[in-house]
Amino acid sequence: MRLSAVFIPPAPAPLVAPRNLAPAVETSFRPLSLRCWCSAARRRGRGRVRFVRSGSALPGAVKRAVPLLQNETQNMNTTENLITTGSTATAPQPINQISKPVKFPAQPQEWKIISLRECPTPEAMQHCETPDQAAAYWKTHIASHPYFNSECECLVVFILNTRRRVKGHYLVSIGTMDTILCHPREVFRLAIMASAAAIIIAHNHPSGESTPSEADIKITRDLIRAGQLLKIEVLDHIVIGNPNHSSLRSMGYCAV
């Protein structure tokens with residue numbers, strides 16, 4: 001059986017609040033225990049206290065006093081709320097939202113090529129007709145590329161117009177210390193989108209030796225044959241060392 005205290009005021013005598021107490025029990029800011037509250041009510045002579053069962057009500061009865069602080073903090077994580085909701089008493093933590101990866105829809109889309117950054121180039125370097133000009137362009141722009149890693153082999157394609165002027169460049173692949181993946185599809189993809197008339201292929205050797213390997217000669221000949229089908233001329237393949245560079249066309253390896 002659950003008991004609760006109900007305060008019943010007398011009818012004839014009006015309620016007068018003392019100076020040192022709150023105006024009414026309902027507006028008191030100090031939560032009192034049941035025994036103290038009953039004793040204070042008897043001393044003030046404001047009525048009598050009767051114990052009734054929980055859930056029952058008497059005619060003309062006033063509900064028991066509730067401190068205002070409980071109403072003000074009802075939305076806070078108090079012990080009563082935590083027991084009711086079944087959560088743990090932990091401090092609020094910041095929510096870290098993980099960005100979801102971009103997923104393209106299944107429907108076809110319209111594509112276009114967008115330039116990433118501007119590469120100011122002197123007028124004398126914009127013409128890439130010799131291996132020295134291609135190596136100078138590499139040292140000016142490729143070495144400062146944010147994704148370039150000098151400890152790995154990096155393959156770069158220079159896009160040229162019909163006058164052999166550089167329109168731009170793009171990083172095709174980043175390999176390991178002595179190996180790099182190269183496929184004609186990735187090499188000519190942006191060259192076709194940018195309407196390139198010719199391209200120059202260049203990659204570095206982390207060892208500093210600019211002598212081309214057998215794999216470099218083989219992939220150069222494959223790219224030249226693929227460029228002949230696409231009507232995009234592969235002018236040269238430059239191997240960048242430290243500090244030298246080698247040209248496969250000057251060495252006679254570009255004949256198919």
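# Reading a predicted chain: surface, sheet and cores

The accessible surface of the chain comes to about 18200 Å², and 56% of that belongs to carbon and sulfur atoms. The model is predicted.

User: Where do I start? How many helices and strands does the chain have, and in what order do the elements run?

Analyst: Begin with a count of the elements. The chain has six helices and seven strands. Read from the N terminus, the elements run β-α-β-α-α-α-β-β-α-β-α-β-β.

User: What share of the 256 residues is buried?

Analyst: A residue is called buried if its relative accessible area is under 20%. In this chain, buried residues make up 31% of the 256. Contacts can be read by sequence separation as well. Of those between residues at least 6 apart in sequence, 67% join residues at least 24 apart.

User: How do I read a sheet? What is the order of the strands in the open sheet?

Analyst: List the strands by their place in the sheet, then look at how they pair. Here the open sheet has five strands in the order β4-β3-β5-β6-β7, and its pairing is mixed. β4 and β7 (245–247) are the edge strands, each pairing on one side only. From one strand to the next, the twist averages 20°.

User: In which sense does β3 pair with β4 and with β5?

Analyst: β3 and β4 are antiparallel, with seven bridges. Val157 has Tyr170 of β4 as its bridge partner, and Ile159 stands opposite Gly168 in β4. The two strands form a hairpin with five residues between them, and Arg164 in the turn has a positive phi of about 65°. The pairing of β3 with β5 is also antiparallel, over six bridges. In that pairing, Val156 is matched with Ala202 of β5.

User: Which way do the residues of β3 point?

Analyst: There is a general pattern to look for. In a regular strand, side chains alternate between the two faces of the sheet. In β3, Cys154, Val156, Phe158 and Leu160 point one way, while Leu155, Val157 and Ile159 point the other way.

User: Why is β3 described as largely enclosed by the rest of the structure?

Analyst: Seven of the seven residues of β3 are buried, so the strand is largely enclosed by the rest of the structure.

User: Which strands do helices α4 and α5 touch or lie across?

Analyst: For a helix on a sheet, note the strands involved and the angle between directions. Helix α4 (residues 131–142) packs on the sheet and touches β3, β4, β5, β6 and β7. The direction of α4 makes about 115° with that of β3. Helix α5 lies across β3, β4, β5 and β6, and runs at about 155° to β4.

User: How do I read a nonpolar core? Which residues have the most contacts inside the largest one?

Analyst: Look at the members and at the elements that supply them. The largest nonpolar core has 22 residues, and Val187, Phe188 and Ile199 have the most contacts inside it. At least two residues each come from β3 (154–160), β4 (166–174), α5 (184–193), β5 (198–204), α6 (214–230) and β6 (233–240). α6 gives the most, with five residues. Another core, of 17 residues, lies apart from it and includes Ala134, Ile142, Val156 and Ile240.

User: Beyond its neighbours within four places in sequence, what is Phe188 in contact with?

Analyst: With those neighbours left aside, Phe188 is in contact with Tyr170, Ile199, Leu223, Ala226, Gly227, Leu230, Ile232 and Val234.

User: Now a polar residue. Is Ser246 buried or exposed?

Analyst: Compare its relative accessible area with the cut-off of 20%. Ser246 has a value of 12%, so it is buried. Ser246 is found in strand β7. A polar atom of the Ser246 side chain lies 2.8 Å from the backbone oxygen of Ser210. Leaving aside neighbours within four places in sequence, Ser246 is in contact with Ser210, Thr211, Pro212, His237, Ile238, Val239 and Met251.

User: And a loop residue: where is Gln126, and which backbone oxygen does its side chain reach?

Analyst: Gln126 sits in the loop between α3 (79–85) and α4. The side chain of Gln126 reaches the backbone oxygen of Thr121 at 3.1 Å. Beyond neighbours within four places in sequence, Gln126 is in contact with Thr121, Arg164, Arg165 and Val166. The C-alpha atoms of Gln126 and Leu160 are separated by 9.5 Å, and the two residues are 34 apart along the chain.

Key. Residues numbered from 1 in each chain as written. Predicted model: local features only at pLDDT ≥ 70, side-chain atom pairs only at ≥ 80, totals over all residues. Heavy atoms only, no water. Core = buried A, V, L, I, M, F, W, Y, C linked by side-chain atoms within 4.5 Å. Buried < 20%, exposed > 50% of the residue type's maximum accessible area, 1.4 Å probe, protein only. Helix = DSSP H or I, 4+ residues; strand = E, 2+ residues; numbered from the N terminus. Contact = heavy atoms within 4.5 Å. Areas by Shrake-Rupley, 256 points an atom, 1.4 Å probe, with all protein chains shown as cover. Pairing = 2+ DSSP bridges. Axes fitted to C-alpha atoms, helices over the stretch in contact; angles between N-to-C directions. Polar contact = N/O pair within 3.5 Å; in protein donor to acceptor, adjacent residues only side chain to side chain.
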